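Please open the structure in your viewer and keep the sequence panel beside it. The tour moves from one selection to the next and says what is found at each stop.

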Amino acid sequence: MKLENHLIYFDITQICGIGCDFCMYSDKHTIKDHLVLTKKAKENISKLINHKDIKRVSISGEGEPLNNIKAFKEILLLSNGGIAFEFITSGYISHDKLINLYDEINQIIIKNGDTCNIRLSTDSYHIPKIYHKPHAVSVKYFLDNSLTNMTFSFRSIDIDKKFTRNYLQEELKQVGLESKILINDELEDSIIVDNKELQIDYKNLVKPTFLKDTKYMTLFEYIKAKEKKLNKVFTLGNINPEPLLNGMGITIKPNGDIYFYGIDSNLLANIHSNTLDIDFFKNIILENKLINALYTIPFMKLIDKISINEDVEKLIKNANNPYWIIKEIISYDKSLLNKMIDYD
């Protein structure tokens with residue numbers, strides 16, 4: 001199995017004061033772990049993010065990553081150049097502090113020869129809880145400074161497409177910017193501002209059953225939309241559009257524990273104590289039957305194989321997200337994983 005175009009995903013904090021109903025990590029917010037980069041961690045991170053097969057380095061959190069901006073800047077500074085970073089945030093801080101942060105990030109990435117996409121949460125759960133709305137001021141900063149290394153995009157959820165489109169256009173009007181929306185596919189829009197195109201991504205909901213009388217994208221519908229967008233079947237690795245090869249999705253948690261994204265049952269290592277490189281993770285995939293199956297077999301075929309009774313079907317329906325289901329299955333009946341491994 002040839003793997004390229006890997007994703008390194010950092011969850012740098014568990015602190016969050018927003019508390020969205022759909023948050024998959026709400027149970028973590030009382031723990032309040034921060035990622036603190038030890039000397040060993042920096043050595044490992046440098047080897048990982050600077051590997052030639054890394055496609056993207058994503059910084060977010062089990063909470064709001066602005067609460068650990070120190071770790072984010074330290075990760076940026078470990079780059080040897082040519083890395084595509086992204087920073088996923090609600091952008092809740094005051095506008096002057098946000099602009100100062102953008103200036104700092106831009107200086108670092110220009111010096112290193114990197115890029116960074118700032119992805120701002122733009123859904124009806126975040127927006128009412130954010131006093132300092134970051135969206136229009138961020139777009140204006142992007143346009144006023146004619147940025148090349150730093151870009152901006154927006155992320156929302158499938159039930160909020162109308163809300164997100166209207167909100168962004170109204171916010172931009174407040175700073176004198178006219179815009180138009182392009183609908184690209186089921187999971188992506190673009191907003192055109194001053195001849196610049198900024199992406200809007202829509203995710204499906206984790207555990208959406210708190211919604212009453214609301215039509216949301218089911219797991220099957222979400223995966224079908226992803227497959228259409230990427231022009232390939234969906235597996236649990238880092239899925240890239242054709243003709244790119246898929247890669248690993250490696251997640252580093254606030255306490256330094258490392259997992260493959262969506263497979264939180266298998267602790268792989270710790271960034272502070274183990275000596276790591278890309279080959280370390282590749283070898284795990286080759287040797288571990290479960291992870292190999294999740295990376296190579298179409299996800300919906302694996303789900304069909306374990307849908308053996310009403311309880312499991314309900315569990316899958318309630319989880320509603322491919323990157324959350326393995327955790328739910330293990331909590332219910334770990335032996336079900338053997339049915340995935342014994343796929344024929």
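Begin by selecting Pro-243, which sits in the loop that runs between helix 6 and strand 9 (249-252). As you look, keep in mind that this is a predicted model. Add Glu-242 to the selection and display the backbone, because the peptide bond joining Glu-242 and Pro-243 is cis, with omega at about 5°.

Next, go to two residues whose backbone angles deserve a check. Select Asn-5, in the segment before strand 1, where phi is near 55°, a positive value in a residue that is not glycine. Is Asn-5 buried or exposed? Its relative accessible area is 16%, and since buried means under 20%, Asn-5 counts as buried.

Then move to Ser-146, in the loop between helix 4 (135-144) and strand 5 (150-157). Here too phi is positive in a residue other than glycine, with a value near 45°. Ser-146 is exposed, however, with a relative accessible area of 57%.

The following stop is helix 1, so select residues 39-49 and show the side chains. Which residues of helix 1 are buried? They are Ala-41, Asn-44, Ile-45, Leu-48 and Ile-49. If you turn the view to look down the axis of helix 1, these buried residues fall within an arc of 115°, and therefore they line one face of the helix. To see what covers the buried residues of helix 1, bring up the elements around them, which include strand 1 (6-11), strand 2 (54-60) and strand 3 (84-89), together with helix 2 (69-77) and helix 7 (278-287).

Finish at the second largest pocket, which holds about 210 Å³ of space. To outline this pocket, select its lining residues, Tyr-216, Thr-218, Leu-219, Phe-220, Met-300, Ile-303, Asp-304, Ser-307, Ile-316, Lys-317 and Asn-320. Colouring the lining by residue class gives 6 nonpolar, 3 polar and 2 charged residues. Which helices each supply at least two residues of this lining? They are helix 6 (219-230), helix 9 (299-306) and helix 10 (310-319), and of the contributors helix 9 gives the most, with 3 residues. Helix 6 thus appears twice on this tour, as a contributor to the lining of the second largest pocket and as one end of the loop that holds Pro-243.

Definitions and conventions. Residues are numbered from 1 along each chain as its sequence is written. This is a predicted model: local features need pLDDT of at least 70, side-chain atom pairs count only at pLDDT 80 or more; totals for chains, interfaces and linings use all residues. Side-chain values use heavy atoms; hydrogens and water are left out. On a 1 Å grid over the protein atoms alone, a cavity is a set of points where a 1.4 Å probe fits but cannot get out, and a pocket is an open set with protein on both sides within 12 Å along at least five of seven lines; lining residues have an atom within 4 Å of a point. Grid points are joined across faces, edges and corners, and a volume is the space filled by probe spheres set on the points. Helices (H or I, at least four residues) and strands (E, at least two) are DSSP runs, numbered from the N terminus. Ala, Val, Leu, Ile, Met, Phe, Trp, Tyr, Cys and Pro count as nonpolar, Asp, Glu, Lys and Arg as charged, and the others, Gly among them, as polar. Buried means under 20% relative accessible area, exposed over 50%, partly exposed in between (1.4 Å probe, protein chains only). The arc is that of the directions from the helix axis to the C-beta atoms. Contact means heavy atoms within 4.5 Å.
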